[in-house]
Amino acid sequence: MKTKLAIAFVVMCHLFSAVCPAQDKPKADAPEATSILLDGEEELVGAIRILARQAGLNILIDPALTETTKGPDGQPLPARKLGAPLRLEKVSYAQALDAVLNSYGLEMIPDPKDPKNGIARITKKDPARLEPLISKVYQLKYASSTNMIPIITATISSRGKTIADTRTGQLLVVATEKEMEQVDGVMEKFDTPTKQVLVEARILETSRNPQTLKGIDWSGTLQNQNFGFGNGFTSGSTTTTLPGATTTKTINLPGGGTATVASTAPSTESTLLNTAIGQLAQGGISVDTMRGFSPGVAFLSADGVAGVLSFLNTDSDTEVVATPRAVMSDNQTAKLSVVRSVPIFKITPGSANSPAGVEILYKDIGTSLEVTPRIAGNNVSMKITPEVSNVDSKDSQTVNGQAQTANIFAVRKIDTQVMIPSGNTLVMGGLLSDTTIKAHTKVPLLGDLPGLGLAFRKDTKSRAKANLLIFITPTIVTDGDFAPTSSDFMKNKFIDKPEIEDGPWDSGKPKQWGKKKNVE
């Protein structure tokens, strides 16, 4: 009984406020209500007027909603009522009015000339009429406009639009009021600051190349020994280098003309010496039947004796260390490179109508690290691609009758994806190469003799060992890791550094004697 009396009292207060002349003027700023209570016997039109007045809205009820309708017996039907008590907590009167209109198939059409303070019209909702579109500008704080456009486009209908202003980082969204509420929720979830990751890397590459060569190599004598026998005569020239002078002697043997000798050395040349020198063809030995043999119709020539003595050890150690570090956003790719650009010449052969051309291309050689981190709780998932490259050697090939030379690049590369806790170090290795080469060259039988065989063989040993180790430490960056600076750079005036004249010892300019300095 008390509850019914309380509801009736609230309804009477609302009815009194609806007919009180002092309340005709709507409120400019209607306060939010903590609770709204309406009796179920309240007429629908009366309840709409009560809520609109409390919300500070000027409304005009459609006459079709207030006119009296008659039943089949010709008697007037009672006015439409709420039918059930309306109790709402912690909502405003404007929200309660929207809920009542939507529940009973009504809608409020704002004044197109003055949507905020004009007179709105309450009428039945037209099922065929589309909801009006409204526009709203969003200022992006952290997200990129290009990333947000596909997300918002999937949230609104095809009637809506999303336009980005990349200069100011703003989004213009055109959608219905309901869709705009969904866009607000999307912006709240996606336009958030992105965490960052500090990636510290240490790339260590070591290599060692010891080599030993001992013995005598007779390949120049026994591998390709040239000799010949046939008709004709021999001819040759030799150049002898003496201390302080160079003597050149040239002689043509019989059958080829008169012998001539040119000498700058202070020595006496004899015919016998000239003949002997002339018979030394290219450092070899020559026997000519036209000199003391009969018939003089043949010759025999052969290369001289040549050997290479080796008794040497070499060793080289190489260590390459690179320590790149950078801070990058979550799920963003960063590439750290310490490289040199090596030119590559692309040769285009010429033709009858066009000359040959050369195009210069460049290839980056050195140390590079490509990392894409993704934060997963206190762990960091990383896609890592380290690469270490250098020019190893050169290769020569004959293409279309021309010798072409190109560089051979040695590339060590790892492409993997791992997950490690923040602040821990990942050790990557496995790029280890160890090549050992042993080579032996000997003269058959003579190289097998005890002791004396050392003079007829050559032993070569070499080893090429290289190891590549990569240490990577990702750390999730927090706001406390950044320290503000108190620099007054923008407030300070730039001070030009005074010119200091170099003295005669450091200057490349000649001293100007007798000239005085200009004194300002």
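This report describes two open sheets, the helices that pack beside one of them, two helix pairs and the salt bridges of a predicted model.

## The mixed sheet

Strands 2, 5 and 4 form an open sheet, in the order 2-5-4, with mixed pairing. Strand 2 and strand 4 are the edge strands, each of them pairing on one side only. Averaged over the sheet and with direction ignored, neighbouring strands are turned by 30 degrees against each other.

The two pairings of strand 5 account for the mixed character of the sheet, because strands of a sheet may pair either parallel or antiparallel. Strand 2 (residues 58–61) pairs with strand 5 (residues 119–124) in the parallel sense, over four bridges. Within this pairing, Leu 60 stands opposite Arg 121 of strand 5, and the bridge partner of Ile 61 in strand 5 is Ile 122. Strand 4 (residues 106–109) runs antiparallel to strand 5 and is joined to it by four bridges. Here Glu 107 is placed opposite Thr 123 of strand 5.

## Helices packed on the mixed sheet

Two helices are described against this sheet. Of the mixed sheet with the order 2-5-4, the edge strands are strand 2 and strand 4, and its neighbouring strands are turned by 30 degrees on average, direction ignored. Helix 2 packs on the sheet and touches strand 2, strand 4 and strand 5; the direction of helix 2 makes about 165 degrees with that of strand 2. Helix 4 also packs on the sheet, touching strand 4 and strand 5, and its direction makes about 130 degrees with that of strand 4.

## Contact of helix 2 with helix 4

The description of two packed helices rests on the angle between their axes and the distance between the axes. For helix 2 (residues 44–55) and helix 4 (residues 93–103), the axes come within 8 Å and cross at roughly 155 degrees. Helix 2 is therefore roughly antiparallel to helix 4, given that angles over 145 degrees count as such. The crossing of helix 2 past helix 4 is left-handed.

On the side of helix 2, the contact is made by Leu 44, Ile 48, Leu 51, Ala 52, Gln 54 and Ala 55; helix 4 contributes Tyr 93, Ala 94, Ala 96, Leu 97, Val 100 and Leu 101. By class, the residues of this contact comprise 11 nonpolar, one polar and no charged.

## Contact of helix 5 with helix 6

Helix 5 (residues 145–155) packs against helix 6 (residues 177–190) at an angle of about 150 degrees, and their axes are 10 Å apart. That angle makes helix 5 roughly antiparallel to helix 6. Helix 5 passes helix 6 in a right-handed crossing.

From helix 5, Met 148, Ile 151, Ile 152 and Thr 155 meet Gln 182, Val 183, Val 186, Met 187 and Phe 190 of helix 6. The contact of helix 5 with helix 6 contains seven nonpolar, two polar and no charged residues.

## The antiparallel sheet

Another open sheet consists of three strands in the order 6-8-7, with antiparallel pairing. Its edge strands are strand 6 (133–139) and strand 7 (161–165), each of which pairs on one side only. From one strand to the next, the twist averages 15 degrees.

Strand 7 and strand 8 (residues 170–176) run antiparallel and are joined by five bridges. In this pairing, Ala 164 stands opposite Leu 171 of strand 8.

## Salt bridges

The count of salt bridges comes to eight. One of them links Asp 315 with Arg 208, with the closest N and O atoms 3.0 Å apart. Asp 315 lies in the loop between strand 16 (308–314) and strand 17 (317–322), whereas Arg 208 belongs to strand 9 (residues 196–208), so the pair ties together parts that are 107 residues apart in sequence.

Notes:
Residues are numbered from 1 along each chain as its sequence is written. This is a predicted model: local features need pLDDT of at least 70, side-chain atom pairs count only at pLDDT 80 or more; totals for chains, interfaces and linings use all residues. Side-chain values use heavy atoms; hydrogens and water are left out. Axes are lines fitted to C-alpha atoms, for helices over the stretch in contact, and angles run from 0 to 180 degrees between N-to-C directions. Helices (H or I, at least four residues) and strands (E, at least two) are DSSP runs, numbered from the N terminus. Angles under 35 degrees count as roughly parallel, over 145 as roughly antiparallel, 65 to 115 as roughly perpendicular and the rest as oblique. A crossing is left-handed if the near helix is turned anticlockwise from the far one by less than a right angle, and right-handed if clockwise. Contact means heavy atoms within 4.5 Å. Ala, Val, Leu, Ile, Met, Phe, Trp, Tyr, Cys and Pro count as nonpolar, Asp, Glu, Lys and Arg as charged, and the others, Gly among them, as polar. Two strands pair if DSSP finds at least two bridges between them. A salt bridge is a side-chain nitrogen of Lys or Arg within 4 Å of a carboxyl oxygen of Asp or Glu.
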